[in-house]
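Here's a quick briefing to read with the model open beside you. Have a look at the fold first, then work through the bullets.

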Amino acid sequence: MDFNNEFKGIDFDAMDYPPTDEPLRQMYFMYKLRKVFDEKEKSLGRKLTYCVVTFGCQMNAHDSEKLEGILEEIGLNAASEDTADIVIYNTCTVRENANQKLYGHLGQLKAAKKSNSEMLIALCGCMMQQDDVREYIREKFRFVDVVFGTFNVFMLAELLYRRYSGEKQVIEVKKEHGKNFENSLPEKRKYSFKSGVNIMYGCNNFCTYCIVPYVRGREISRTPEDILDEIKSLVADGVTEIMLLGQNVNSYGKKYMDESEIVKSSAEYDFPELLNDVCKIEGIRRVRFMTSHPKDLSDRLIEAIKNNPKVCRQMHLPVQAGSNRILKAMNRHYTREHYLEIIEKLRASVPDIGITTDIMVGFPGETEEDFLDTVDIVDRVGYDQVFTFIYSRRSGTPAAEMEQVPEDVVKDRFDRLLKKVSEKAAERVGRFKNTIAEVLVEDMDSHDETMVTGRMSNNTLVHFKGCKEMIGKYINVKLTEEKGFYYIGEPADNLEGLAE
């Protein structure tokens, strides 16, 4: 949204009180905040700056793009964490060490704030949804200026204005989802040619180790019309690749944010239906999605992937463990047999699909036999990539009260699993060597200024000789060297017209 054009002609100065309707209310506070910043910049003789630091998942990263968009729309410039005038930490709380990581950052920032009297520190994200965390911050980190949660990211300008208007510490954390403003406020995308789109929020699964349902709320979906309209506007802005985001996209459509806007009932309109409609949008070239829960992955979704060439040949399907006993203790609602059946169906329908997963080692009560079942499932599936984690005890979850596995045992199992994962991934990824693949170029290679880096449809990274003019373009690349989790290649296209 272009703030200046969208609200041109509205006299915010003539308003005695802020509007009650969103997003006009937030635009009012953006306008008021810009006037505050104008005065500050005049007295300082420089532009004010910001830095948003993101912890956690892709949904957090997408929220951060909205925070940055609001700040840039107000007129701030990006800067480093230790020099910025406004520093925002968008937090994650999936693992206990995420909390400690944040507290470490705050400790380091305290000194920077003393040397910069203009510095304002704000905290948001999943950690801030926890009552005990907010109380700890209120007591131990009194220099933190603003605290807000996952459900009121859109209120950033209003909360900052309250702080600049004299409130000592602004804490505003909503406990549930309100009306959706996904497509109503500014956004600064990391890439101009690809973007994430939230299709739903929250989670109903209550895995015994996971705190997400307690901090992200119950599962609720955006209406199809709202999602498709946002994607069309992104395409008009140059986006060609879309990532559909949700804690469990496979259960999309069971409950909508605004029932009055539904055209089709939830029984008729599910995730495969949405995926089909997204693929029909002209200008979209690739569609990704995450995350999928195995218990809700239907044959209709597999069919939709098979029949839509725009859907990327990639499936992130967290297995977490290979032992039925542990899967039951985790409250995952599927067995290893069912999971392997899904993998078999996926590969039969989409032979070139890349399958990635999450695996946890050391869940409470895990025995050596349970662990070997997990190693066995890695061996059987042959993942393209595995994201391995050591179980992290989270207070407030059922697993925190279960019998914990000794640290030395967990460490030994983790190392053994990594070895198996590396062996199998190299075998799997190597199947594309000496073939030609379409690669969406994302950036210059950070280690070699003569190289670019991009991704195949199945999400495998590829590095090859190139230039910045290739960024955002789809290039056919011959994959000449396999390097474990990525390829080195050479352009197979006629690239006449691009800079050498």
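What follows covers confidence, one helix, the barrel, the cysteines and some backbone oddities.

This is a predicted model, and the protein chain has a mean pLDDT of 91, with 94% of its residues at 70 or more. There are two stretches to treat separately, listed next.

**Confidence**
- Over residues 1-5 the pLDDT drops below 50, and this stretch makes 9 contacts in the model beyond near neighbours in sequence.
- Residues 259-266 also have pLDDT below 50, with 10 contacts beyond near neighbours in sequence.

**Helix α3**
- Helix α3 takes in residues 58-74, and its 17 residues should span 24 Å at 1.5 Å a residue; the end C-alpha atoms sit 25 Å apart, so the two figures agree.
- Most of α3 is covered, with 13 of its 17 residues buried.
- Right after α3 comes G75, which has a positive phi near 120°.

**The barrel**
- Going round in the order β15-β16-β17-β19-β18, 5 strands close into a barrel with mixed pairing.
- From one strand to the next, the twist averages 50°.
- Strands β18 (residues 474-482) and β19 (residues 486-491) run antiparallel and are joined by 5 bridges.
- If you want a residue pair to look at, L479 has G489 in β19 as its bridge partner.

**Cysteines**
- Searching the whole structure turns up 0 disulfides.
- Why is C51 not bonded to C124? C124 holds the closest cysteine sulfur, but that is 12 Å from the sulfur of C51, which is too far for a bond.
- C51 is buried, at 12% relative accessible area.
- C279 isn't in a disulfide either: the nearest cysteine sulfur belongs to C312 and is 9.3 Å away.
- C279 counts as buried too, because its relative accessibility is 7%, below the 20% cut-off.

**Cis peptides**
- E22 and P23 are joined by a cis peptide bond with omega of about 5°; P23 lies in the loop between α1 (3-6) and α2 (24-44).
- M290 and T291 are also joined by a cis peptide bond, again with omega of about 5°. T291 sits in the loop between β11 (286-290) and α10 (299-307).

**Positive phi outside glycine**
- Q320 isn't a glycine, yet its phi is positive, at about 70°. You'll find Q320 in the loop between β12 (314-316) and α11 (324-330), and it is buried, with 8% relative accessible area.
- N459 is another non-glycine with positive phi, near 80°. Its loop runs between β16 (451-455) and β17 (461-465), and at 25% relative accessibility N459 counts as partly exposed.

Conventions. Residues numbered from 1 in each chain as written. Predicted model: local features only at pLDDT ≥ 70, side-chain atom pairs only at ≥ 80, totals over all residues. Heavy atoms only, no water. Helix = DSSP H or I, 4+ residues; strand = E, 2+ residues; numbered from the N terminus. Expected span 1.5 Å × (residues − 1). Buried < 20%, exposed > 50% of the residue type's maximum accessible area, 1.4 Å probe, protein only. pLDDT = per-residue confidence, 0-100. Contact = heavy atoms within 4.5 Å. Disulfide = S-S within 2.5 Å. Pairing = 2+ DSSP bridges. Axes fitted to C-alpha atoms, helices over the stretch in contact; angles between N-to-C directions.
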